[in-house]
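Let's work through some exercises together. Have a go at each task before you read its solution.

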Amino acid sequence: MKNTNKKYLYSLEKEVLKARNTNDAIFFNFSYSALKLLGKNLYSNAANAISELVANAIDAKAREVYVYIDMSDKEHSVIEILDNGTGMSYDDLADKYVWIGRNKRNDSGLSDAEKQTVMGRKGIGKLAALYLSNKYYIITKKITDNVPSYWKVDLDSYDDSDYPKLDRVLEPIQLVNDDIWNKFGHGTAIRLQNVDLRKNGERKIESLCRVFADFYLIDSLDSSIYVAVKKKTGEDVYFERVKKQIAYKNFYAIFDNSSLNIKEKMSQAIPFVWASQYEHIATVPRPTQFLNPEKFHTSGKCLFHTEDGSGIEKDYKLTGWIAIHSTIEQKNAIDDRFIRNKIYQPNRLRLYVRNKLAVANYYDISESTQAMSYYIEGEISFDILDDDDLPDIATSSRQDFLDDERVELLTSIVDPILKALFNLRIDVGQKIREENEKYTDYLIEIEEKKRKEEEEARAKAEAEAQAAQKAREEAERLQREAEAEAKKYHAQSNTVFNTVTEDQKNFTAKTHLVKTNALTIRNSVKTLAKKIGIERYKELGAISIASDKILSVLKYSALAKFNIEDQYICEDLFVFCEEYLMNVLGKQYFSMKIKVEKNGSYVVRFNPQYVTLLLDNLLSNAEKSNSSEITVVMNNKDKPTITVFDNGDGFGTEDLSRIFEFGYSNTGGTGIGLFNVKTVVEKMSGNIEAVNNEPRGAKFVIKFC
């Protein structure tokens with residue numbers, strides 16, 4: 001009975017107001033002050049108001065809707081909205097358009113299926129024009145007669161208590177887009193003048209296509225929407241079809257029970273480049289995740305309360321998709337379609353009812369405060385929120401919902417999906433953090449190991465440097481001692497070999513008889529060896545060595561201040577050889593030039609008689625080989641070595657293998673001299689080698705152990 005009374009009073013009011021209408025004027029059922037209040041406060045921005053007018057065109061079954069905006073003069077912008085819907089007759093304008101609050105879903109001409117698709121319910125969408133302008137024109141041609149009628153609304157001359165009206169315009173209204181309008185056999189065109197868009201920057205207007213795309217479930221509509229914006233005088237403009245600009249390839253995980261097959265539009269794997277400073281971690285493609293819709297409760301039956309408090313069981317179903325972005329930083333997004341700025345925010349969970357945006361962001365009606373909510377984007381439909389059998393819970397602007405059991409039901413369905421997406425995003429973030437920490441620890445370990453190795457290397461180098469320094473100091477000490485010993489011996493040698501005193505002369509005279517007898521023995525041994533064959537009487541070698549030693553002693557001791565009490569001395573052998581060669585043998589073998597090269601020193605305990613015997617025989621052998629020059633080189637680089645070169649006749653190849661044999665000679669001698677040389681070298685712990693010198697002569701190499 002209550003509803004019947006409402007309908008009766010409404011019908012009565014309508015008839016009273018319609019009585020004022022004429023053929024050229026159709027009055028609104030609200031006063032100017034009421035229309036102004038509603039029109040200016042229903043919408044938060046121009047884009048939403050334009051979208052509401054487009055929704056009216058879609059409800060009029062338009063297949064195409066064109067939105068043209070000329071903001072070359074921002075304060076006096078022009079907007080045209082053209083559609084090829086059913087259009088309106090005079091009766092439609094009088095019975096429907098001017099009646100604010102009329103529920104379009106109650107039209108008798110609509111089937112039940114068509115009623116389910118009608119977006120508008122409150123009958124206030126037409127007030128979006130009043131939000132934009134106080135003066136606008138309507139051109140409409142009914143689908144049945146195709147004859148256009150022209151009307152205007154001009155509110156500037158009204159008082160608050162006046163009832164505004166549609167005034168017929170007799171002359172055709174010129175549209176900027178007449179070429180499009182003339183192609184339509186039916187439909188409605190609205191031209192709004194003096195629209196103030198000064199608060200709407202170019203970027204905001206440029207985002208209209210994205211805003212319109214978000215305002216509707218474009219893929220579910222039978223209508224196509226086109227937008228053109230003129231920003232400067234004289235520029236050419238083109239209509240762009242409104243399409244969803246969703247950065248699918250930036251999604252990491254998704255729930256999808258729509259018919260859009262979004263999985264195919266996503267990347268199969270995403271590298272979280274910004275999540276790691278390490279390239280081998282940052283560039284790893286992380287497989288995208290897909291929730292199984294069957295694991296979530298999204299549909300069913302439920303008992304809902306009607307306005308009179310009774311209950312009614314209704315089917316409900318949530319459809320659409322909800323995704324979580326891999327990143328919400330535009331500079332890091334791998335999909336170029338991800339645009340996020342002050343004008344447009346893609347990372348929102350948009351809620352639709354009857355294919356039209358009901359809530360721009362689900363979190364505006366949800367108590368959830370998850371930090372990860374900023375990563376969520378989605379488009380879900382829940383038509384039970386605007387069911388004709390249930391109370392209207394949408395706010396007047398249709399941009400929000402009042403608290404209701406249906407909102408609670410929606411929350412119970414959506415929140416588990418969101419939680420699952422959050423967990424997937426948290427898991428991959430945690431995995432990357434663990435990889436970062438593990439690799440950081442590895443680098444620290446490597447750095448620590450490197451540091452320890454460097455410290456050990458420094459310590460080792462310091463130890464080696466200290467050891468080397470000690471070795472150098474020890475070597476310098478030994479060198480100083482050796483040089484001191486060499487200087488000492490050199491001083492002694494200078495005394496021994498450079499000055500012949502009267503005592504030495506007397507000693508030499510007294511030993512003359514011994515020397516004569518020793519020479520007689522030596523020569524007799526050689527003569528005897530030739531007569532009886534040296535190879536049969538090797539004992540003669542011992543006699544030869546003994547006589548050579550006597551002669552050497554006499555040569556040495558004659559110039560050594562009678563210093564023959566010790567058989568061995570500890571001196572620099574190289575210095576002794578140099579002095580003996582230059583001061584003694586140099587005077588004896590005056591036909592040969594003797595050169596001495598001494599590199600280093602060799603302080604050792606030796607028997608002077610062996611050394612003099614060795615040098616005597618080598619120089620004697622060189623003289624017999626017709627040498628004119630002999631060079632003696634002494635060095636102590638690896639082993640103490642004395643090398644004797646001559647430029648005599650040298651050896652034959654056969655001679656080299658037998659040169660040190662007892663009795664062998666290639667100069668006509670006895671073959672005893674070189675045998676004696678090898679004998680004393682071996683007694684001095686050395687070895688001797690004979691080779692042909694180049695280009696001629698002989699070379700003897702003596703090495704001491």
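Helices (H or I, at least four residues) and strands (E, at least two) are DSSP runs, numbered from the N terminus. This is a predicted model, in which local features need pLDDT of at least 70 and side-chain atom pairs count only at pLDDT 80 or more, while totals for chains, interfaces and linings use all residues. Residues are numbered from 1 along each chain as its sequence is written, and side-chain values use heavy atoms, with hydrogens and water left out.

**Exercise 1. Place Thr643 in the structure and find out whether Thr643 is buried or exposed.**

Step 1: look up the element. Thr643 belongs to strand 24 (residues 641-646).

Step 2: recall the classes. Buried means under 20% relative accessible area, exposed over 50%, and partly exposed in between (1.4 Å probe, protein chains only).

Step 3: compare. Thr643 has a relative accessible area of 11%, so Thr643 is buried.

Step 4: list the contacts (heavy atoms within 4.5 Å). Not counting residues up to four places away in sequence, Thr643 touches Thr631, Val632, Val633, Lys699, Phe700 and Val701.

**Exercise 2. Describe how strand 25 and strand 26 are joined.**

Step 1: know the rule. Two strands pair if DSSP finds at least two bridges between them.

Step 2: apply the rule. Strand 25 (residues 686-692) and strand 26 (residues 698-704) run antiparallel and are joined by seven bridges. Gly686 stands opposite Phe704 in strand 26.

Step 3: inspect the turn. The two strands form a hairpin with five residues between them, and Gly697 in the turn has a positive phi of about 105°.

**Exercise 3. Work out which strands stand at the edges of the open sheet of six strands.**

Step 1: write down the order. The sheet runs 13-10-16-19-17-18, with mixed pairing.

Step 2: read off the ends. Strand 13 (289-290) and strand 18 (356-359) each have a single partner strand, so one side of each is left without a neighbour in the sheet.

Step 3: follow strand 18 to its partner. Strand 17 (residues 349-353) pairs with strand 18 in the antiparallel sense over three bridges, and Tyr352 stands opposite Leu357 in strand 18. Their hairpin has two residues between the strands, and Arg354 takes a positive phi near 55°.

**Exercise 4. Compare the settings of two salt bridges, Arg168 with Asp24 and Arg350 with Glu379.**

Step 1: define the term. A salt bridge is a side-chain nitrogen of Lys or Arg within 4 Å of a carboxyl oxygen of Asp or Glu. The whole structure holds 26 salt bridges.

Step 2: take Arg168 and Asp24, whose side chains meet at 3.1 Å, N to O. Arg168 lies in strand 6 (residues 165-169) and Asp24 in the loop between helix 1 (2-18) and strand 1 (25-27), so the pair ties together parts that are 144 residues apart in sequence. Arg168 is partly exposed at 25% relative accessibility, and Asp24 is partly exposed at 40%.

Step 3: take Arg350 and Glu379, with their closest N and O atoms 3.3 Å apart. This pair links distant parts of the chain: Arg350 is in strand 17 and Glu379 in strand 19 (residues 376-381), 29 residues apart. Arg350 is buried, with a relative accessible area of 2%, and Glu379 is buried, with 6%.

Step 4: widen the view. Asp214, Lys244, Arg350, Glu377 and Glu379 are linked in a network of salt bridges.

**Exercise 5. Find which residues touch the most other members of the largest nonpolar core.**

Step 1: define the core. A nonpolar core is a set of buried Ala, Val, Leu, Ile, Met, Phe, Trp, Tyr and Cys residues joined through side-chain atoms within 4.5 Å. In soluble globular proteins, nonpolar side chains tend to be buried together.

Step 2: name the residues. The largest core has 58 residues, and Ile50, Tyr97, Leu132, Tyr136, Leu166, Leu192 and Tyr216 touch the most other members.

Step 3: find the main contributor. Helix 3 (residues 46-59) gives the most to this core, with nine residues.

Step 4: look for another core. A second, separate core of 42 residues includes Tyr316, Val353, Tyr363 and Ile417.
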